[in-house]
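Student: I want the reasoning behind the labels, not only the labels. Can we go through them one at a time?

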Amino acid sequence: MRDPSKIEAGPLAPQAETPARDVEPDLDLAVMLRLPGVNGSRESPVLRRLLCLFVSETARNIKGLHCGAEAGDRPAVQALAHKMKSASMAIGASRLAARARSLEACMKGGARPRPADVKAVAVAWHDCGKALVSEGLLSVDGWSGVEGPMER
Amino acid sequence: MTASLDAHILVVDDDPLTRMMAVEALREGGFTTVEAENGAQALAVFDVEHPDLVLLDVMMPGLSGFDVCARLRGSPAGKLVPIIMMTGLDDSESVEEAFHVGATDFISKPVNWTLLRFRIRYVLRSAQVLKELVRNQESLSSAQRIARLGSWEWLVPTDTVQRSPQYYRLFGLPAEGFGDGMLAVLDHLYGPDRALLAAALEGARKGAGYQLTYRIVWPDGSVRTLLETVERADDLPDPQALVMEGSAQDITEQVETQRRIRQLAYFDPLTGLPNREFFRESLLAATARALRSKTRCAVMVVDIDRFARINDSLGPERGDQVLQVIGQRLRETMGDRMPAEPAGGGALPRLKVARLAADEFGILIGEAGSVDDMLAIAHALLQVVRGPIRVPGQEITLAARVGVAILPDHASDADALLKAAETALNRAKRVTRDEVALFSEEMKVAAFRRFTLEGELRRAIGEEELQVLYQPIVDVERGCIVKAEALVRWPHMASGPVPPPEFISLAEETGMIVPLTRTVIERVCHDIATLGPALPQDFRIGINLSGVNFMDPQFMPTVCAVLAGAAVEPARIEFELTETVLMRDLDYATNILARLRQMGIRVAVDDFGTGYSSLAYLRRLAVDTLKIDRSFVGELNNAQGVAIVKAIIGLAHSLGLEVVAEGVETTAQLDILRAQGCRLIQGYLFAKPMGCRALVHALAGARLMPVGS
C-alpha cells in the first residue's frame with residue numbers, strides 16, 4: 001500500500017512565471033525527503049525542524065543581500081550568496097540554489113552588486129516558499145511571517 | 001571498522017542548516033558530534049573535546065576552514081587527527097588548498113550524507129593505522145634511545161642515507177652537523193679505526209654485510225665505541241636498487257667493563273704488571289710456539305731477598321713503593337710496553353715481566369738463546385734490582401736471587417717450566433745461596449724428594465713417628481740441669497733420619513708446622529706429667545715456635561687445651577721464639593706475650609743477635625730469657641766475637657733477663673761465657689739431646705761436669 005506522505009522523487013510542477021532558462025524546480029522533494037533523519041517522510045520532525053531553520057535563515061540572508069546590494073558591499077553579497085547556494089542545494093530548493101550560484105559567480109567576477117541582481121534570488125525564494133506552502137510543508141502563517149519584509 | 005563506532009566528530013560550518021544536516025547524518029551513522037559555527041570556536045572546542053575527526057567547511061567568515069586546518073596541524077594534539085574538508089563541487093582550487101594545509105580528505109557540497117558516513121569510517125581506520133605506526137615508531141625510537149642504538153638505510157646507487165635521529169645522537173651530533181652521503185661517517189671516526197670502516201663500507205657498496213666494532217670521536221673530544229651490524233635490505237639482484245641497512249650500538253661501557261674485568265683478572269693492581277694468571281697463559285702460548293718451532297723458551301723467577309724486612313721495618317706502604325720501582329725497572333729492562341688496543345679490546349698482549357707473588361717476579365723469554373745468554377740476562381736483572389731505591393727519608397739497597405729454567409732443556413711444558421724455575425730459586429734460597437740458579441737434574445731429584453717427603457711427614461705426624469728429645473741447659477754455678485729444650489727428631493723408619501732443618505722448613509712451607517708443634521707440646525706435657533715429682537722445682541722445658549704457630553689464631557686456645565688436658569702447670573713451659581717472628585707484628589706479639597706471662601708461661605728469644613736485636617722491643621715485650629745464638633758462641637775465639645757476646649750478656653743482665661748460651665762445645669767457650677757472667681749453658685759440652693728416660697737419669701745424677709773434663 002502506498003504511503004501518501006511519501007512522494008516519488010522528481011521535480012514539482014514548473015512555475016508559470018519562470019523564464020524559459022529556469023529549468024530547475026522550485027523545490028526538489030526527492031532531495032528533501034532523502035535528507036538525513038527524514039527517511040522519506042513528510043511528517044518527519046527532523047524535516048520540520050530543517051525547514052523551519054531553512055526558512056528563517058534564508059529570509060534573513062535575503063534581507064542581508066538587499067542590504068548588501070544597497071550598500072554596494074560585494075564581499076558580503078558574495079558570502080551570503082555562497083552560503084545560500086549550499087544550503088538551498090542541500091535541502092532541494094534547486095532554483096534558489098541556482099540563482100544564488102549565479103549571484104555568487106557574478107560577484108566573484110568583480111561586479112558591483114545591484115538591487116536588481118538580488119531580485120532574481122528573491123523571486124526564486126518567493127516561489128520556493130509558495131511551493132513549500134502548496135506542498136503543505138509550510139503553513140501560510142509561517143510563510144507570510146517571512147515574506148512580509150521581502151514585499152516591502 | 002570498530003575504530004569508527006564510538007568516534008566523536010567536530011562539525012564546523014557557519015551555516016546552521018548544513019550543521020543540522022551533518023549532525024543528523026552523523027548521528028544516524030552512530031557517531032557523536034559537537035558543533036562550531038566559526039573557526040575560532042572550532043579551535044576552542046577542539047582543545048576541550050579532543051574529537052576523533054573534524055568535518056570542516058572551507059568558506060567561513062573570520063578564520064577560514066584552511067586556517068583552522070593549518071592551525072590544528074601545527075598543534076601536537078591536532079597533528080594526526082583526521083580532517084575532512086567540505087568544498088564546492090567545482091572548486092578544484094579549494095581541494096588543492098585543502099591538501100596543501102594538511103586535510104586528510106575532502107567531500108564536495110552538496111554533501112552526499114551516506115557517502116560521508118562511509119568516508120568517515122575509512123578515514124578513521126587509516127587514522128588508527130597511522131596512529132599505531134607513529135606509536136610504533138616512537139616506541140622503536142625510545143627503544144633505540146634506551147639501547148643506545150641507531151639505524152640507517154643506504155640507497156647505494158644514489159648514495160642517499162636515511163639515518164635515525166638516535167643514530168646522530170650516538171655521535172653526539174645534530175643531523176645537520178653529520179654530513180651527507182655514507183662516507184660522511186668516516187669524518188667522525190677515531191683515526192686508527194678509519195681505514196677498517198672504510199674497507200667495510202667499500203664491501204657494503206657491493207652488497208657485502210659486516211659486523212664491526214669501531215671508535216668514534218664526539219665533538220667534545222671523547223672517544224666512544226660502536227658495534228655496527230650491516231646487512232643487505234633486499235634480495236634483488238639488481239645493483240641499481242641496492243639498499244644496505246645498518247644498526248649501530250654504543251658499547252663503550254661494555255668494552256670498558258670488559259677491559260676492567262680483564263685488568264682485574266690479568267694484572268696486578270699494585271705494579272700494573274701482568275699477574276700470575278696472565279704469566280701462566282702467556283707461558284702456555286710461548287711453550288706451545290717453542291715446541292712447534294723447535295726453539296727454546298726460558299722462564300726466570302726473581303725473588304727479592306728478605307723483602308719482609310722492608311715491610312716490617314718501613315711499613316707496607318714503603319714496601320709497596322719499592323715493589324713498584326722494581327716492577328718498573330724490570331719492565332724497562334725487558335722492553336715491555338703495553339701495545340695500543342684495537343676497538344673492543346684485543347687478545348692478551350705479549351709481555352715478558354709479571355708479578356707472580358708478593359716479592360716474586362716472573363720473566364718469560366719466548367725465543368731464548370743459549371744458556372749463557374739466559375744467565376747473562378739473569379745477572380743483568382739482578383743488577384737492576386740492586387740499584388739504590390729512594391723512598392722518602394732513605395735509600396734502600398736490595399739483593400735478589402733468580403731461578404732460571406729453559407724449555408726443552410729442563411721441562412717439556414709450561415707448568416713444569418715455571419715449576420723448574422721456582423725450584424731452582426728455592427734451592428738457591430734454602431741451600432746454595434747462589435744469586436743466579438739454573439735448574440738442574442739434581443734439583444729435580446731434590447724437589448721430588450721434597451715432594452715425597454711432604455706426604456711422608458704428614459703420615460709421620462699422624463702416626464707419631466716423630467720423636468721429642470731434650471737437650472739439658474745447665475746452671476754451671478750450681479752444677480745442675482735447670483731447663484731443657486725440647487727438640488723434634490724424625491728417625492724415619494724406612495729411609496733413615498731426616499735432618500730437622502729439612503723437615504721443619506717443609507712443615508713451615510706447607511702449614512704442617514701447626515699439627516707438628518701441637519704434637520710436640522702434647523708430648524712434652526705428657527712427659528712432664530709422667531715424670532711428675534722427678535722434675536726439680538722450677539724446672540722448665542723450652543718448646544720452639546715458628547712464626548706460623550705464633551700467628552695461628554688457634555695457638556692460644558690450643559696451648560690452654562693441651563696444658564689443661566695433661567694437667568701440667570704452665571710454669572713448666574717456656575716458648576722459644578726468634579726475634580724475626582716477634583718483630584713481624586709487634587702489637588700482636590705484645591698482646592700474646594702478655595697473655596702467656598699472665599698464664600705463667602715464660603718466653604725466650606731464640607737466636608738472639610741474628611735478627612734486629614732491637615732494644616725497644618725487648619723493653620716492650622714480656623720476654624724472660626735471651627738465648628745467644630750458636631754462631632756467636634762459635635766466634636768466641638776472637639776479640640770481636642767476645643765483644644758481641646759480652647754486649648748481649650750485659651744487655652740481658654741490665655734488662656733483668658736470663659741469658660742462655662747455645663751451642664757451647666768447648667771449655668774455652670765455657671770459660672769466657674762464665675767470665676762474662678753467663679751461667680746457663682746449652683751444648684754438647686755438657687749434653688746432647690736425649691730421651692725422656694735419659695733426662696730423668698741426668699737429673700738424678702751427680703753434679704754435672706763438662707763432657708771429657
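Tutor: What follows is a set of short questions on this predicted model, each settled by a value and a cut-off.

Student: Start wide. What is the secondary structure of chain A?

Tutor: Chain A has 6 helices and 0 strands. Along the sequence the pattern reads α-α-α-α-α-α. Of its 152 residues, 51% are buried.

Student: And how many helices and strands does chain B have?

Tutor: Chain B has 25 helices and 25 strands. It has 709 residues, and 47% of them count as buried.

Student: What share of the contacts in each chain joins residues at least 24 apart?

Tutor: In chain A, 62% of the contacts with a separation of 6 or more are between residues 24 or more positions apart. For chain B, 63% of the contacts between residues at least 6 apart join residues at least 24 apart.

Student: Now one residue. Why is Asp13(B) called buried?

Tutor: The cut-off for buried is under 20% relative accessible area. Asp13(B) has 1% relative accessibility, so it counts as buried.

Student: Where does Asp13(B) lie?

Tutor: Asp13(B) is in the loop between β1 (8-12) and α1 (16-28) of chain B.

Student: What makes the pair Asp13(B) and Lys109(B) a polar contact?

Tutor: The limit is 3.5 Å between N or O atoms, one able to donate a hydrogen and the other to accept it. The side chains of Asp13(B) and Lys109(B) make such a contact at 3.1 Å. The side chain of Asp13(B) also reaches a backbone nitrogen, that of Asp15(B), at 2.9 Å.

Student: Which residues does Asp13(B) touch, leaving out those up to four places away in sequence?

Tutor: Among them are Thr18(B), Arg19(B), Glu37(B), Asp57(B) and Lys109(B). Met60(B) and Met86(B) are touched too.

Student: Lys109(B) comes up again. What is the peptide bond from Lys109(B) to Pro110(B)?

Tutor: It is cis, with omega near -5 degrees. Pro110(B) sits in the loop between β5 (105-109) and α5 (113-146) of chain B. A cis bond also joins Leu407(B) and Pro408(B), with omega about 10 degrees. Pro408(B) is in the loop between β16 (400-407) and α13 of chain B.

Student: Why single out such bonds, or a positive phi?

Tutor: Most peptide bonds are trans, and most residues other than glycine have a negative phi.

Student: Which residues other than glycine have a positive phi?

Tutor: Glu464(B) is one of them, with phi near 55 degrees. It lies in the loop between α14 and β18 (467-475) of chain B. Ala567(B) is another, also with phi near 55 degrees. Its loop runs between α18 (555-566) and β21 (573-578) of chain B.

Student: How do you know that Glu464(B) is exposed?

Tutor: Exposed needs over 50%. Glu464(B) has 57% relative accessibility, so it counts as exposed. Ala567(B) has a relative accessible area of 67%, so it is exposed.

Student: On to α23(B). How do you know that its span agrees with its number of residues?

Tutor: Helix α23 of chain B covers residues 639-654, which is 16 residues. At 1.5 Å a residue the expected span is 22 Å. The end C-alpha atoms are 22 Å apart, so the two agree.

Student: What makes one face of α23(B) the buried face?

Tutor: Gly641(B), Val645(B), Ile648(B), Ile649(B), Leu651(B) and Ala652(B) are buried. Seen down the axis, the buried residues fall within an arc of 160 degrees, so they line one face. The face turned away carries the exposed residues Ala639(B), Gln640(B) and Ser654(B).

Student: Why would residues spaced along a helix share a face?

Tutor: An α-helix has 3.6 residues a turn, so residues three or four places apart point the same way.

Student: What do the buried residues of α23(B) pack against?

Tutor: Their partners in chain B include β22 (602-608), α21 (615-620), β24 (658-661) and α24 (667-675).

Student: Why is Asn638(B) called a cap of α23(B)?

Tutor: A side-chain oxygen of Asn638(B) lies 3.1 Å from the backbone nitrogen of Gln640(B), at the N-terminal end of the helix. The polar limit is 3.5 Å. Just after α23(B), Gly656(B) has a positive phi of about 75 degrees.

Student: Last, how much space lies in the second largest pocket?

Tutor: About 680 Å³. It is lined by 25 residues, and those closest to its centre are Lys419(B), Thr423(B), Ala447(B), Phe448(B) and Arg450(B). Helices α13 (414-432), α14 (441-462) and α15 (500-510) of chain B each supply at least two lining residues.

How values were computed
Residues are numbered from 1 along each chain as its sequence is written. Chains are lettered from A and ligands numbered from 1 in the order in which they are written. This is a predicted model: local features need pLDDT of at least 70, side-chain atom pairs count only at pLDDT 80 or more; totals for chains, interfaces and linings use all residues. Side-chain values use heavy atoms; hydrogens and water are left out. Helices (H or I, at least four residues) and strands (E, at least two) are DSSP runs, numbered from the N terminus. The expected span of a helix is 1.5 Å times one less than its number of residues. Buried means under 20% relative accessible area, exposed over 50%, partly exposed in between (1.4 Å probe, protein chains only). The arc is that of the directions from the helix axis to the C-beta atoms. Contact means heavy atoms within 4.5 Å. On a 1 Å grid over the protein atoms alone, a cavity is a set of points where a 1.4 Å probe fits but cannot get out, and a pocket is an open set with protein on both sides within 12 Å along at least five of seven lines; lining residues have an atom within 4 Å of a point. Grid points are joined across faces, edges and corners, and a volume is the space filled by probe spheres set on the points.
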